[in-house]
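Here is a short set of questions and answers for a first look at a protein model. Keep the view open while reading.

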Amino acid sequence: MAGAGPDFDGFYAREIAPWVEEKEAERRVLAARALRRAVPLIVGAACLFALFSALMEDNGWRDLGYFASFAVLATGGLQFVPLMQWGRTFAGELSERIFAHFGYRYSPDVPPDFLAPFEQCRLLPGYSRKTLEDHVAGEVNGVPFELAEAFLEKRVRRDKRDDYETVFRGIVARYRFPKRFSGRTILRGDQGLLNALGHAGVPGERVRLEDPRFEKHFEVFSEDQVEARYLLTPAFMERLSDLKEKMKDPVQAAFEGEDLLIAIDGRRGYFSQPSVWKDLRGSDHIRRFVDDIALIRSIAETLKLDTKTRV
């Protein structure tokens, strides 16, 4: 598999491909069963709807007919539930196997307070509802990390009804930072939605740094100006700029506690999973999956977080 490396190619051929072959046989049985049960019900619901629309003039009987049609349609939809549940289980098992190959721990569930430090540092926009998934933890070159996918939406009013618009969809990650620090320093990206929202509520004061390339990408706020400059050395600012240009997506960051927090708004889902309506043996989704996993190592290596620098 191109780009994944020979170790993964052997692992895929030895462990993943035979397992996926077995799962594909299961998927076909479940999909055929769901369609066999659902299609007659869906067709029946459509016929009932058309019949009551054409023949029933009394609004009461017509409404009753419509209700019966939707009830039959809903029953048809329920026939797909076992297949959907099977798909979620398969996706979790596939993710666990692939992440384990790279030495990472995976869980579909994310700790409930995972976003708290990102929110305290104002790295995320305001939102009305959230979805968190794909919690991954481990080490890269001895650097502990933890990340998850976040899908954040904000309630808006459109055409006299409530609707939701996406305000963030991407990766929120925390890496152990090699330098010791006690304050909080925040790097606000100068692109994307957050810049338009201004800097109200951002902790700390603005820090001016003499690096035009870095300041093109980030605005820095800190509770301690001296510590901010100690953390943001010329070499590290250069690496942060490299990361931003490599990502091509809005990037926010902060030094908080012992960690470097990073939020990447890629406006897409990561660690993609195959559809239950497609042959699982296709390798495109695996290739995209592995490319996303490579991002975990790329962040740590681009920023050289394994460098043990002391005061």
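The questions below go through salt bridges, a helix, a strand and a pocket of this predicted model.

Q: How many salt bridges does the model have?
A: A salt bridge here needs a side-chain nitrogen of Lys or Arg within 4 Å of a carboxyl oxygen of Asp or Glu. By this rule, the count is 23.

Q: Which residue meets Lys23 in a salt bridge?
A: Residues three or four places apart in an α-helix point the same way, because there are 3.6 residues a turn. The partner of Lys23 sits 3 residues away in helix H1 (residues 6-55), about one helical turn. The N to O distance is 3.6 Å, and the partner is Glu26.

Q: Is Lys23 buried or exposed?
A: The cut-off for buried is under 20% relative accessible area. Glu26, at 35%, counts as partly exposed. Lys23 has 15%, so Lys23 counts as buried.

Q: How many residues apart in sequence are the parts that Glu153 and Arg129 tie together?
A: The side chains of Glu153 and Arg129 form a salt bridge, 2.7 Å from N to O. Glu153 belongs to strand E3 (residues 143-158) and Arg129 to strand E2 (residues 129-140), so the pair links parts whose separation in sequence is 24 residues.

Q: Which residue forms a salt bridge with Arg206?
A: The closest N and O atoms of this pair are 3.0 Å apart. Arg206 is in strand E6 (residues 205-207) and its partner in strand E7 (residues 218-222), so the bridge ties parts 13 residues apart in sequence. The partner has a relative accessibility of 15% and counts as buried. It is Glu219.

Q: How many of the residues of E7 are buried?
A: In a regular strand, side chains alternate between the two faces of the sheet. Phe218, Val220 and Ser222 are buried on one side of E7, and Glu219 and Phe221 on the other. E7 is therefore largely enclosed by the rest of the structure, and the buried count is 5 of the 5.

Q: How many bridges join strand E5 (residues 185-189) to E7?
A: E6 also pairs with E7, antiparallel, through 3 bridges. There, Glu205 has Ser222 as its bridge partner. On the E5 side, Leu187 stands opposite Val220. E5 and E7 run antiparallel too, and the number of bridges is 5.

Q: What distance does helix H3 (residues 81-101) reach from its first C-alpha to its last?
A: H3 has 21 residues, and at 1.5 Å a residue the expected span is 30 Å. Its buried residues include Trp86, Phe90 and Phe99. Just after H3, Gly103 takes a positive phi of about 85°. The reach of H3 is close to the expected span, at 31 Å.

Q: Which element supplies the largest share of the lining of the largest pocket?
A: The largest pocket has a volume of about 580 Å³. Of its 29 lining residues, the closest to the centre are Arg88, Ala91, Glu133, Asp134 and Gln273. H3, E2, E3 and strand E4 (161-176) each give at least two residues to the lining. The largest share, 8 residues, comes from H3.

Q: How many residues of the lining of the largest pocket are nonpolar?
A: The lining also holds 9 polar and 6 charged residues. The nonpolar residues number 14.

Note on methods:
Residues are numbered from 1 along each chain as its sequence is written. This is a predicted model: local features need pLDDT of at least 70, side-chain atom pairs count only at pLDDT 80 or more; totals for chains, interfaces and linings use all residues. Side-chain values use heavy atoms; hydrogens and water are left out. Helices (H or I, at least four residues) and strands (E, at least two) are DSSP runs, numbered from the N terminus. Buried means under 20% relative accessible area, exposed over 50%, partly exposed in between (1.4 Å probe, protein chains only). The expected span of a helix is 1.5 Å times one less than its number of residues. Two strands pair if DSSP finds at least two bridges between them. On a 1 Å grid over the protein atoms alone, a cavity is a set of points where a 1.4 Å probe fits but cannot get out, and a pocket is an open set with protein on both sides within 12 Å along at least five of seven lines; lining residues have an atom within 4 Å of a point. Grid points are joined across faces, edges and corners, and a volume is the space filled by probe spheres set on the points. Ala, Val, Leu, Ile, Met, Phe, Trp, Tyr, Cys and Pro count as nonpolar, Asp, Glu, Lys and Arg as charged, and the others, Gly among them, as polar.
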